[in-house]
Amino acid sequence: MISACLEIIGLGLSVTGTLLVMVACGLPMWKVSAFIEGNIVVAQNIWDGLWMSCVVQSTGQMQCKMHDSVLALTTDLQTARALTVISAVLGVQALMITIAGAQCTNCISKESIKAKVVNVGGVIYIIAGLFVLVPLCWMANNIISDFYDPHVPYAKKREIGAALYIGWAASAMLLVGGVILCFSRPADEKSSYPLKYVPPPMKSTSVNGDYDKRNYV
């Protein structure tokens, strides 16, 4: 019962984390304009994402443009594109694997094999969380470095956008959910197998039908 509850909790966290990874991948708010020094009052706000750049006017109008070339992007954006998509794909694959080995399904008959399948799904979720965590930390480090770099003009300085915070939350859910799935089955899983009753050996009888004297103490 406890292992089934842990599976549900771990799977719920992992699925939520996978959905948040997809949301963060599609949002354009990875880098946002920094309002510092003479750039406090501006007529527009610039958002930079993995797939597009958006300009939000002070009137509320927003114009977005897809990136023309992948090769024209910076290294951190290219890496974030690849690893975020891979993380989302791994999350979907881990979901199918975990459901196949869950206790509430009958896809696999042997309990020992089902436990191993769930553990494999948890490991894949952990890998997916690490894949999305690497580009998030890399891009945040670049944003902070450029922000405090005096050689970067104020108009080009950026701040951490909402997509990075969503990605960090997704990575945490994937890591925690994957660990819970890995340890959702107890180590003494073999004890759940039914015990076989072995009857005692029958007492030998003598030729005339009486019990052998060796059976008496």
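This is a guided tour of the structure above, stop by stop.

**Before you start**

The model is predicted, so local features need pLDDT of at least 70 and side-chain atom pairs count only at pLDDT 80 or more, while totals for chains, interfaces and linings use all residues. Residues are numbered from 1 along each chain as its sequence is written, and side-chain values use heavy atoms, with hydrogens and water left out.

**Stop 1: the whole chain**

Show the cartoon. The protein has 4 helices and 5 strands. Helices here are DSSP runs of H or I with at least four residues, strands are runs of E with at least two, and both are numbered from the N terminus. From the N terminus on, the order is α-β-β-β-β-α-α-β-α. Of the 217 residues, 34% are buried. Buried means under 20% relative accessible area, exposed means over 50%, and partly exposed lies in between, with a 1.4 Å probe and protein chains only.

**Stop 2: helix H1 and Ala-4**

Select residues 2–26. This is helix H1, and Ala-4 lies in it. Ala-4 is partly exposed, at a relative accessible area of 21%. Now add Ala-102. It sits 98 residues from Ala-4 in sequence, yet the two C-alpha atoms are 8.0 Å apart.

**Stop 3: H1 against H4**

Keep H1 and add helix H4, residues 162–182. The axes of H1 and H4 come within 7 Å and cross at roughly 155°. Axes are lines fitted to C-alpha atoms, for helices over the stretch in contact, and angles run from 0 to 180 degrees between N-to-C directions. H1 and H4 are therefore roughly antiparallel to each other. The cut-offs are under 35 degrees for roughly parallel, over 145 for roughly antiparallel and 65 to 115 for roughly perpendicular, with the rest oblique.

H1 passes H4 in a left-handed crossing. A crossing is left-handed if the near helix is turned anticlockwise from the far one by less than a right angle, and right-handed if clockwise. Colour the contact of H1 with H4 by class: 15 residues are nonpolar, 8 polar and 1 charged. Ala, Val, Leu, Ile, Met, Phe, Trp, Tyr, Cys and Pro count as nonpolar; Asp, Glu, Lys and Arg count as charged; the others, Gly among them, count as polar.

**Stop 4: H3 against H4**

Hide H1. Select helix H3, residues 111–147, and leave H4 on screen. H3 and H4 pack at an angle of about 155°, with their axes 8 Å apart. That makes H3 roughly antiparallel to H4. The crossing of H3 over H4 is left-handed. What classes of residue make up the contact of H3 with H4? There are 20 nonpolar and 6 polar residues, and no charged ones.

**Stop 5: H2 against H3**

Swap H4 for helix H2, residues 75–101. The H2 and H3 axes are 8 Å apart, at an angle of about 165°. H2 and H3 are therefore roughly antiparallel to each other. Their crossing is left-handed. The contact of H2 with H3 holds 21 nonpolar, 9 polar and 2 charged residues.

**Stop 6: two residues in H2**

Stay on H2 and pick Ala-94. Is Ala-94 buried or exposed? Ala-94 is buried, with a relative accessible area of 0%. Add Ser-14: 80 residues from Ala-94 in sequence, it is 9.0 Å away, C-alpha to C-alpha.

Next, pick Gln-78, also in helix H2. Gln-78 is partly exposed, at 28% relative accessible area. Pro-135 is 57 residues from Gln-78 along the chain, with 9.3 Å between their C-alpha atoms.

**Stop 7: strand S3**

Select residues 52–57, strand S3, and find Val-56 in it. Val-56 counts as buried, at 17% relative accessibility. Asn-45 is 11 residues from Val-56 along the chain, and their C-alpha atoms are separated by 5.0 Å.

**Stop 8: the largest pocket**

Turn on the surface. Rolling a probe the size of a water molecule over the atoms shows where empty space is left. A pocket, on a 1 Å grid over the protein atoms alone, is an open set of points where a 1.4 Å probe fits, with protein on both sides within 12 Å along at least five of seven lines; lining residues have an atom within 4 Å of a point. Grid points are joined across faces, edges and corners, and a volume is the space filled by probe spheres set on the points.

The largest pocket holds about 260 Å³ of space. Select Lys-31, Asp-48, Thr-74, Asp-146 and Arg-158: of the 16 lining residues, these are the closest to the pocket's centre. By class, the lining has 4 nonpolar, 5 polar and 7 charged residues. H2 and H3 each supply at least two lining residues. The largest share, 3 residues, comes from H3.
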